[in-house]
Amino acid sequence: MKGQFPLERFRNLPTPFYFYDMNLLRETLAELNTQSSDSNFHVHYAVKACANEAVLKCICEAGLGADCVSGGEIEAALKAGIPAQKIVYAGVGKTNREIELALKADIFCFNVESVPEMEVINELAALHQQKARIAIRVNPNVDAHTHHYITTGLNENKFGINLAQLPEVIDKALHASHIELIGLHFHIGSQITDMTAFQNLCVRINELQDELAKQGISLKHINVGGGLGINYEHPNHCPIADFEGYFKVFRKQLRLREGQQLHFELGRSIVAPCGSLICKVLYVKEGSEKKFVIVDAGMTDLIRPALYNAYHRVENLSSDAADEKYDVVGPICESSDVFVKDYFMPRTSRGDILALRSAGAYGEIMASRYNLRQLPGSYTSDSI
Ligand code: LLP
């Protein structure tokens, strides 16, 4: 056993695969529940981050709800045991089939992103003689100062309804026969570690609520989305996200109305640290300028470095030798199939086992079959 990894067990398993440390996940969930224990706080896990069955089950056992963005995610959440009354459903392109599935399950709330979508939900709810509970997703125009691919709360993004159009949309919702408007939904982006972005969101929501109060409108539910980031640099020193600081911002800065319920949709901060992509070194290739460690995992297994230039710490679990400088690369026919460049790591040889850390969120779930590769397998610390 090296670090928290059962290396001996890994040797007999076909690589690459995702490994989830369930003890860390349970500790994370316990800390999350401690920090969000206010009776009006409700956390919905963002299933898009990781829908691994064992992980979802564990999250369900901790009592969280689910934030879904497709019919498939709603089905996965229900299958894991998450009650429909704790499911929220967002997404700019909900299909009729998905809306009907959500209506049939009688989920807690649709987060509606446009007027045409609201009209379709109203029609389908009428067809099934139901009333759909909805929250309007508001684009608050708050900069999350994160990677531009994962910034969602700016006017230039496709998500939500602009502040200027909001009064008209609220009016439409209030007059729709088969819709019950119950809340407002926000989400500004992902991997946010500077709490001022969340403070700015609170200020914007306060202003908006004051504005709505003048018009006599008060809604029971406010959903502030997700976005809390983790420390990718130091997974061993900072294995649990700063839930304390995060929830404190909302407790202090957000002026909720009497009886108002506050909803959160955290994904990455819950599951990223507990997952690692485990792979094996195929070859160490000495180029004229660089040494390449070629592993059997690639961008098809973990796309974040190629897509967002994201950093995942790489640990050689098999070697304690002196450090050397490497580029760690995958086998895919793309120049962007690189995990880290000019990276210091113990001297590495064919057959060594490496762990790419903090890969529990947006790792396994974003894997593809490009190059007709097999999807990575998965194991948990409970199962091996
Ligand atoms: N709620 C909504 C409406 C979202 O769009 C997202 C993430 C979340 C909640 C969860 O955010 P989290 O707490 O995980 O930051 N693939 C990218 C991240 C995309 C995030 C998309 N939306 C990555 O690998 O960094």
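Where is the place of Asp 327? Asp 327 sits in strand β14 (residues 323-329), and we will come back to it in View 4. These legends describe a predicted model, in which local features need pLDDT of at least 70, side-chain atom pairs count only at pLDDT 80 or more, and totals for chains, interfaces and linings use all residues. Residues are numbered from 1 along each chain as its sequence is written, and side-chain values use heavy atoms, with hydrogens and water left out.

**View 1. Two domains and the interface between them.** The domain assignment, whose bounds come from an automatic or database source, gives domain 1 (2-16 + 273-380) and domain 2 (22-271). Their centres, taken over C-alpha atoms, are separated by 33 Å. Here 21 residues of domain 1 are in contact with 22 residues of domain 2, contact meaning heavy atoms within 4.5 Å. The two domains bury about 2,000 Å² between them, 60% of it on carbon and sulfur atoms; buried area is the accessible area (1.4 Å probe) that two parts lose on being put together, summed over both. Look for Pro 273, Cys 274 and Tyr 362, which supply 32% of the area that domain 1 buries against domain 2, more than any other three residues.

**View 2. The largest nonpolar core, with Phe 110 and Phe 250.** A nonpolar core is a set of buried Ala, Val, Leu, Ile, Met, Phe, Trp, Tyr and Cys residues joined through side-chain atoms within 4.5 Å. Of the 105 residues in this one, Phe 110 and Phe 250 touch the most other members. Helix α8 (residues 196-214) contributes the most, with seven residues; helices (H or I, at least four residues) and strands (E, at least two) are DSSP runs, numbered from the N terminus. Because domain 1 and domain 2 both give residues to this core, it lies between them. Leaving out residues up to four places away in sequence, Phe 110 touches residues including Tyr 89, Ile 99, Leu 103 and Ile 134.

**View 3. Cys 50 and Cys 274, two cysteines without a disulfide.** A search of the whole structure finds zero disulfides, a disulfide being a pair of cysteine sulfur atoms within 2.5 Å. For Cys 50, the nearest cysteine sulfur is that of Cys 274, 6.9 Å away. Cys 50 is buried at 1% relative accessibility, as is Cys 274 at 3%; buried means under 20% relative accessible area, exposed over 50%, and partly exposed in between (1.4 Å probe, protein chains only). Cys 50 belongs to the loop between β2 (41-46) and α3 (53-61). Tyr 362 is 312 residues from Cys 50 in sequence, yet 6.3 Å from it in space, C-alpha to C-alpha.

**View 4. Asp 327 and a salt bridge between Asp 342 and Lys 290.** Asp 327 is buried, with a relative accessible area of 3%. Among its contacts beyond four places in sequence are Lys 290 and Asp 342. The side chains of Asp 342 and Lys 290 meet in a salt bridge (2.9 Å, N to O), defined as a side-chain nitrogen of Lys or Arg within 4 Å of a carboxyl oxygen of Asp or Glu. Both partners are partly exposed, Asp 342 at 42% and Lys 290 at 27%.

**View 5. The salt bridge of Lys 94 and Glu 117.** The side chains of Lys 94 and Glu 117 meet at 2.7 Å, N to O. Lys 94 is buried at 11% relative accessible area, and Glu 117 is buried at 7%.
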